[in-house]
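Colleague: I'd like a close look at one part of this model, and I'm still new to reading structures. Could you take me through it slowly?

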Amino acid sequence: MIVTLIVLCEVGFWVLLAGGLALRYWAKMPRASVAVLLCEPLLEVVLFVVTAIDLKNGAEPDWKHGLAAVYIGYSVALGHYTITWVDARVAHRFAGGPKPVTPKYGWPRALHEWKLAARWVLAAVIAMGLLQGAIWYVGSDGETGSLRMWQQKMLWVIGINLIIAGSYTLFPKRIPAPGPGPEGARGTARPATTDPQASDAPARPLQRSD
C-alpha cells in the first residue's frame, strides 16, 4: 500500500505540475494555475498521514516506510525548486520568457552548487528526522534495522553533495580560452613587430613628440 501511494504521489506531482503550467501558459489562467500548484504539498501530507496510520495499526517498519520518509524530505526541500526550474524552462520555450542561465564557471558555479547541496542536505535531514521519529515510535522491541539503513543512506547523500560542492570551490571550473576560429583570431591577433624587445605586455598608446 505504501509503495503504491508513493508512486501515486510521484505521478500526481508531475500531473499537477504539468496541469498548473498548462493553465498558466496555454489557458492564460494564472489564478487557477496557482491553485493547482498549491495542491502539491497536499501530496506529502497525505503520504505522511497514511504512513503514520500504517505504523499506528501495527505494521512492521520496513524499507517502504523509509522510502516514504525520503520522498517527503525531497518534496519539502526540493519540490519548490523543481517547480521553479521547470517553470522557467517552459516559460522560455513556449511563452517567450528569458532563457534560464545556470552559472558554469568560477565562483558563481561554486555558489550554485552549494545552494543545490544545501537543498539536498535539508532533504536528507528531514528524512532522517522522520525516520528517527518512526524508530522512537516503534521502540526497542521492534525491528528498526531497515529504518536505520535509510538513515545511513541519507548520510551518504549529505556527504556526496558536500564533496561535489567542495570540489567546485577547491577546483573551480575555468572559462575556456578562445578557440582558433576567425573571431578568436581577430580578437587575439597583435600587430607584427620587429622590435627584439617586444613582449606579451599590453601595447602602450603612442606618444606624440612636439
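Does Q151 count as buried or exposed, and why?

Modeller: Keep in mind as we go that this is a predicted model. Q151 counts as buried, because its relative accessibility is 10% and the cut-off for buried is under 20%. You'll find Q151 in helix 6, which covers residues 145-170. So what does Q151 touch? If we skip the neighbours within four places in sequence, Q151 is in contact with M128, L131, Q132 and I135.

Stay on helix 6 for a moment, since G166 has its place there too. G166 counts as buried as well, because its relative accessibility is 17% and buried means under 20%. Now look across from G166 to W114: the two are 52 residues apart in sequence, yet from C-alpha to C-alpha they are 7.9 Å apart in space. One more thing to spot here is K153, which lies over the face of W150, at 4.6 Å from the ring centre.

From that ring we can move on to rings that pair up. A pair of aromatic rings is described by two things, the distance of the centres and the angle of the planes. This structure holds three aromatic pairs. One of them is W26 with F94, a tilted pair with 5.1 Å from centre to centre and 55 degrees between the planes. W26 and F94 are 68 residues apart, so this pair links distant parts of the chain: W26 is in the loop between helix 1 (2-25) and helix 2 (30-37), while F94 is in helix 4 (residues 63-94). F94 counts as partly exposed, because its relative accessibility is 48%, and the partly exposed range runs between 20% and 50%. F94 has another partner to look at: R93 lies over the face of F94, at 5.1 Å from the ring centre.

Another of the pairs is Y74 with W120. This one is tilted too, with 5.6 Å from centre to centre and 50 degrees between the planes. Y74 lies in helix 4 and W120 in helix 5 (residues 106-138), so the pair ties together parts that are 46 residues apart in sequence. How open are these two residues? Y74 is partly exposed, with a relative accessible area of 28%, and W120 is partly exposed at 31%.

To go back to where you started: Q151 is buried at 10% relative accessibility, and its contacts include M128 and I135.

Notes
Residues are numbered from 1 along each chain as its sequence is written. This is a predicted model: local features need pLDDT of at least 70, side-chain atom pairs count only at pLDDT 80 or more; totals for chains, interfaces and linings use all residues. Side-chain values use heavy atoms; hydrogens and water are left out. Helices (H or I, at least four residues) and strands (E, at least two) are DSSP runs, numbered from the N terminus. Buried means under 20% relative accessible area, exposed over 50%, partly exposed in between (1.4 Å probe, protein chains only). Contact means heavy atoms within 4.5 Å. Rings of Phe, Tyr and Trp (its six-membered ring) pair if their centres lie within 6.5 Å; planes under 30 degrees apart count as stacked, over 60 as edge-to-face and the rest as tilted. A charge sits over a ring if NZ of Lys or CZ of Arg is within 6 Å of the ring centre and within 35 degrees of the ring normal.
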